[in-house]
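Please open the model in your viewer with the sequence panel beside it, and keep a cartoon view and a stick view ready to switch between. The stops below say what to select next and what is to be found there.

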Amino acid sequence: NAVITACAKGEEWQHSLSLLGAVQEANLTGSVVTYNACISASARGNQWQLALLWLTELREGADMADIITFNSVLAAFDGSGQWERAMDLLGVIAADRLEATVITYNVAISSCAGSGQWHAALWILSGMGKHFGLECNVITCTSAVNACAEAGEWQQALVTFDLMLQLRIQPNVFTYNAVISACETAAEW
């Protein structure tokens, strides 16, 4: 596990793949920690298909995938245009009765933002408190503002920014950059 984790941190997803293959060839069973490390390495290598494969393999085995597993797969979807898969995975998390965390929703919102899916990002944001009792944080709100900005929805970006202020969440430089970008794109100075 330590070597595979080191590969994940070093963005050497190919080596983690080889190591897990060696574990399987030796008729050893990888633990959830082993798979999480491989999924994390796959995510860092922009290999969402591999991350999804590891998740499927883990869920079919004796070990149960945990929320860390799902968060790592969601991270693999971020930046890959796989926002629909991220939304589907939120449903799987709920069906498996796992307790999603703020990190879970942050990564899902970020996946939507990268694909310009501001409706989906705001849907996730609105459901966090209502249905899951989770409080959003600066990362959550900034990702939602960014989703609006990426889609050219400057008014929604400002509404989301205002909500953030109402919730007394302190914006950071990334938040301000997302708001400025939204207004700049729409030429709304």
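Two helices count as roughly parallel when the angle between their axes is under 35 degrees, and this cut-off will be needed at two of the stops below. Please keep in mind throughout that this is a predicted model.

**The whole chain**

Begin with the full chain in cartoon view, where you will find eleven helices and zero strands, so that what you follow from one end to the other is the pattern α-α-α-α-α-α-α-α-α-α-α. If you then colour by accessibility, 43% of the 189 residues count as buried. Among contacts between residues at least 6 apart in sequence, 62% join residues at least 24 apart.

**Helix H7**

Now select residues 102-114, which form helix H7. At 1.5 Å a residue, these 13 residues should span 18 Å, and the end C-alpha atoms are indeed 18 Å apart, which agrees with that expectation. Ten of the 13 residues are buried, so H7 is largely enclosed by the rest of the structure; among the buried ones you can pick out Val 102, Tyr 105, Asn 106, Ala 108, Ile 109 and Ala 113. Just after the helix, select Gly 116, which takes a positive phi of about 70°.

**Where H5 meets H7**

Keep H7 on display and add residues 67-77, which make up helix H5. The axes of the two helices come within 8 Å and cross at roughly 15°, and with the cut-off of 35 degrees in mind, H5 and H7 are therefore roughly parallel to each other. The crossing by which H5 passes H7 is left-handed. To see the contact itself, show side chains for Ile 67, Asn 71, Leu 74, Ala 75 and Phe 77 on the H5 side, and for Ile 103, Thr 104, Val 107 and Ser 111 on the H7 side. Sorted by class, this contact has six nonpolar, three polar and no charged residues.

**Thr 104**

Which residues does Thr 104 touch, once its neighbours within four places in sequence are left aside? Centre the view on Thr 104, in helix H7, and you will find it in contact with Ile 67, Asn 71, Leu 74, Leu 90 and Ile 93. Thr 104 is buried, with a relative accessible area of 0%. If you draw a distance from the C-alpha atom of Thr 104 to that of Ile 68, the separation is 8.6 Å, although the two residues are 36 residues apart along the chain.

**Leu 122**

Next, move along the sequence to Leu 122, whose place is in helix H8, residues 118-132. Leu 122 counts as buried, at 17% relative accessibility. Residues up to four places away in sequence not being counted, Leu 122 touches Ala 144, Cys 148, Gln 156 and Thr 160. For a link back to H7, select Cys 112, one of the buried residues of that helix; Cys 112 and Leu 122 are ten residues apart in sequence and 9.3 Å apart in space, C-alpha to C-alpha.

**Where H9 meets H11**

Select helix H9, residues 138-150, together with helix H11, residues 173-185. These two pack at an angle of about 15°, with their axes 9 Å apart, which makes H9 roughly parallel to H11. H9 passes H11 in a left-handed crossing. With side chains shown, Val 138, Thr 142, Val 145, Asn 146 and Ala 149 of H9 meet Phe 174, Thr 175, Ala 178, Val 179 and Ala 182 of H11. By class, seven nonpolar, three polar and no charged residues take part in this contact.

Stay here for a closer look at Thr 142, which counts as buried at 10% relative accessibility. Apart from residues up to four places away in sequence, Thr 142 touches Met 164, Asn 172, Phe 174 and Thr 175.

**Two loop residues**

Finish with two residues outside the helices. Asn 46 lies in the loop between helix H3 (32-44) and helix H4 (48-60), and has a positive phi of about 55° although it is not a glycine; Asn 46 is exposed, with a relative accessible area of 60%. Arg 168 lies in the loop between helix H10 (154-166) and H11, where its phi is positive at about 60°, although Arg 168 is not a glycine. Arg 168 is exposed, with a relative accessible area of 77%.

Definitions and conventions
Residues numbered from 1 in each chain as written. Predicted model: local features only at pLDDT ≥ 70, side-chain atom pairs only at ≥ 80, totals over all residues. Heavy atoms only, no water. Helix = DSSP H or I, 4+ residues; strand = E, 2+ residues; numbered from the N terminus. Expected span 1.5 Å × (residues − 1). Buried < 20%, exposed > 50% of the residue type's maximum accessible area, 1.4 Å probe, protein only. Axes fitted to C-alpha atoms, helices over the stretch in contact; angles between N-to-C directions. Parallel < 35°, antiparallel > 145°, perpendicular 65-115°, else oblique. Left-handed = near helix turned anticlockwise from the far one by under 90°. Contact = heavy atoms within 4.5 Å. Nonpolar A, V, L, I, M, F, W, Y, C, P; charged D, E, K, R; others polar.
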